[in-house]
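Student: I should like to learn how to read the features of a protein model. Could we begin with the structure itself?

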Amino acid sequence: MSWAEEQDWFGMEDALALRGFDDPEDAIEQGYWIQSDWEPIALTAMTYRHLCNCINMIESGRLNRPWALPYLKAEQQKRLKLCSSK
């Protein structure tokens with residue numbers, strides 16, 4: 001498999017640029033997740049289930065975005081702390 005085939009965003013540069021991102025890595029650094037329909041969603045707006053599903057898909061190898069794990073897990077931990085403090 002070539003590098004381009006491994007990048008699920010490859011070929012979508014124009015769609016991402018219209019939304020203000022260079023690529024999905026740029027989006028996650030700005031606090032947005034690029035969904036399978038190429039719509040960005042703020043990490044803070046994702047449901048907890050959506051967040052966990054994304055993490056599980058990356059860790060199981062079904063989604064090639066390992067660079068997103070620190071951001072997703074940080075959001076997950078932030079929510080867990082909020083729940084435990086209530």
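Tutor: We shall discuss the overall fold, then the core, then one pair of helices. This is a predicted model, in which local features need pLDDT of at least 70 and side-chain atom pairs count only at pLDDT 80 or more, while totals for chains, interfaces and linings use all residues. Residues are numbered from 1 along each chain as its sequence is written, and side-chain values use heavy atoms, with hydrogens and water left out.

Student: How many helices and strands does the protein have?

Tutor: Helices (H or I, at least four residues) and strands (E, at least two) are DSSP runs, numbered from the N terminus. Here there are 5 helices and 2 strands, in the order α-α-α-β-β-α-α along the sequence.

Student: Which residues of the largest nonpolar core touch the most other members?

Tutor: In soluble globular proteins, nonpolar side chains tend to be buried together. A nonpolar core is a set of buried Ala, Val, Leu, Ile, Met, Phe, Trp, Tyr and Cys residues joined through side-chain atoms within 4.5 Å; buried means under 20% relative accessible area, with a 1.4 Å probe and protein chains only. In this core of 13 residues, they are I28, W33, L43, M46, I58, A68 and L72. Two or more residues come from each of α4 (48-60) and α5 (69-84), and α4 gives the most, with 4 residues.

Student: At what angle do the axes of α4 and α5 cross?

Tutor: Axes are lines fitted to C-alpha atoms, for helices over the stretch in contact (heavy atoms within 4.5 Å), and angles run from 0 to 180 degrees between N-to-C directions. The axes of α4 and α5 cross at roughly 145° and come within 10 Å.

Terms used
Buried < 20%, exposed > 50% of the residue type's maximum accessible area, 1.4 Å probe, protein only.
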